[in-house]
Protein chains: 2
Amino acid sequence: MTYAGYIGRECVGEISVANRGLNYGDGLFETMRVHRGALPLWPRHLARLRDGVKRLGIALPDPVFIEARIEETIAGTEAGVLKLLLTRGDGGRGYAPPVDAQPVWTLALHPLPSMPAALRLHLCETRLAIQPALAGIKHCNRLEQVLARAEVERAGCEEGMMRDTEGRPACATSANLLVYRDGRWLTPPVERCGVAGVLRGWLLEQGLAEVADLTANDVECADALALCNAVRGILPVSMLGARAWAAHPAITDLQARLAMAYPMFSNPAVAA
Amino acid sequence: MTYAGYIGRECVGEISVANRGLNYGDGLFETMRVHRGALPLWPRHLARLRDGVKRLGIALPDPVFIEARIEETIAGTEAGVLKLLLTRGDGGRGYAPPVDAQPVWTLALHPLPSMPAALRLHLCETRLAIQPALAGIKHCNRLEQVLARAEVERAGCEEGMMRDTEGRPACATSANLLVYRDGRWLTPPVERCGVAGVLRGWLLEQGLAEVADLTANDVECADALALCNAVRGILPVSMLGARAWAAHPAITDLQARLAMAYPMFSNPAVAA
């Protein structure tokens with residue numbers, strides 16, 4: 001892993017014990033696919049980050065400066081994952097965000113994860129709380145996902161489907177949910193809980209998917225199920241609990257359309 | 001601030017960028033009142049921490065070792081606040097908690113905060129989400145409190161009352177709520193949201209307070225309102241929005257009973 005840390009524009013070697021990300025999860029992050037020394041989805045990640053800092057009241061370091069540091073970090077990298085972590089910065093004891101906090105942010109370059117041809121999903125018992133104040137943004141309060149992901153590991157699955165506390169299917173632990181019914185791709189809203197995935201946003205803009213409140217029955221009766229995120233693209237779901245799905249041309253079609261716009265997502269099963 | 005950090009039993013000087021507390025708020029903490037080189041409420045803090053590690057699946061370092069390090073840290077300190085932060089430890093990218101994670105924990109000694117004679121409360125717009133999986137324990141996913149506390153600061157108040165997403169009064173940003181009605185002290189449950197405060201636990205055990213679902217009207221019509229936490233004891237509330245309360249003998253009585261058991265909480269207005 002390559003790593004670099006900054007306070008504002010200044011390089012820092014370590015994270016302080018007073019960092020508010022460490023103490024309260026008071027920060028945001030973006031996990032981005034690196035392709036041939038570039039981040040093809042960067043403008044979308046930056047837009048979500050801008051939404052996040054606005055809603056949490058965190059200072060955003062100059063994007064031009066961030067972009068220059070990103071460029072240095074990923075230069076020469078054919079494929080990988082870059083994580084940008086932006087914390088509010090250091091603070092004293094207590095929840096009150098210091099008005100003059102200098103954001104502390106880091107860049108870490110990781111190898112590309114493996115891409116299974118299809119995913120088996122565990123139906124997670126851990127629910128997502130309904131919290132409109134935090135829904136949509138990619139903040140660092142992720143204990144729900146941590147607990148759900150621990151369930152997935154215990155179940156020996158590749159991913160998990162999470163429902164909200166009112167029982168509605170919401171998302172996977174680190175991907176958005178795509179449900180194919182009656183010839184249309186549907187994905188749950190992100191105004192109550194969940195993250196406004198970058199790839200989900202692209203699919204909605206392209207008219208390739210629509211937002212819809214989904215029930216457990218909608219998922220159970222789906223013609224096809226897939227997950228999407230900005231690192232792995234679109235991945236078919238082969239199983240959820242006792243329900244199994246065969247390969248479906250609607251998924252291949254969606255993958256092909258994505259690969260036309262973003263070639264890094266072509267042939268995901270081999271990209272690992 | 002005095003600070004010490006550990007991986008298990010090993011001293012560490014800095015926090016890694018891979019720390020899961022930093023990345024996901026994947027940790028727990030306790031904020032404890034130091035009195036004459038000791039932590040009178042330590043057994044209660046440890047009990048809550050044990051509940052937290054059990055529910056989050058975090059390894060608890062040997063309490064005897066922790067206690068020895070605490071003793072060294074607070075030796076000779078007449079009054080102060082000790083914060084114990086326990087993170088799951090370091091991890092790779094992704095939410096899955098590493099099965100062999102070595103917990104990283106820190107101790108930080110702070111001065112005692114000021115103790116106003118009475119608190120003016122802001123009625124926070126930021127709500128607490130209903131999440132039984134995380135309710136009660138003192139985990140590090142605290143963005144709701146951070147946002148609520150920012151509201152409190154903007155309103156120029158000392159604390160804020162938070163309601164859950166269904167409108168029920170729940171707690172203050174960093175204290176439990178005590179509502180005096182018909183000769184009884186009532187405090188909201190902590191099974192849906194909020195933290196099982198150490199002092200709240202003592203009051204319940206002593207039969208000095210009872211758990212009750214409260215409505216906004218119960219608070220509005222209260223004969224007296226107070227907050228309690230393990231650092232500041234019991235503090236009267238003088239104002240919530242447009243509603244004001246005069247000093248009430250029930251609060252003085254509760255403070256006196258607490259001071260009998262824990263002398264460090266006597267005369268809070270002067271303790272600063």
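What is the mean pLDDT of chain A? In this predicted model, chain A has a mean pLDDT (the predictor's confidence in each residue, from 0 to 100) of 94, and 97% of its residues reach 70 or more. One stretch to treat with care is residues 268–272 of chain A, where pLDDT stays under 50. Where pLDDT is low, the predicted coordinates should not be read in detail.

Now look at how the two chains sit together. A rotation of 180° with 0.0 Å of shift along its axis lays chain A on chain B, with an RMSD of 0.0 Å (a least-squares fit on the C-alpha atoms of residues with pLDDT of at least 70 in both). That is the relation of a two-fold axis. The copies meet through the same surface, because 100% of the interface residues of chain A are also interface residues in chain B.

Let's explore that surface. Chain A brings 54 residues to the contact (heavy atoms within 4.5 Å), and chain B brings 54 residues as well. About 4,300 Å² is buried between them, 68% of it from carbon and sulfur atoms; buried area is the accessible area (1.4 Å probe) that two parts lose on being put together, summed over both. Arg93(A), Tyr95(A) and Leu143(A) supply 20% of the area that chain A buries against chain B, more than any other three residues.

How many salt bridges cross the interface of chain A and chain B? The rule (a side-chain nitrogen of Lys or Arg within 4 Å of a carboxyl oxygen of Asp or Glu) finds zero.

A note on reading the model: residues are numbered from 1 along each chain as its sequence is written, and chains are lettered from A in the order in which they are written. Local features need pLDDT of at least 70, and side-chain values use heavy atoms, leaving out hydrogens and water.

Technical notes
Predicted model: local features only at pLDDT ≥ 70, side-chain atom pairs only at ≥ 80, totals over all residues.
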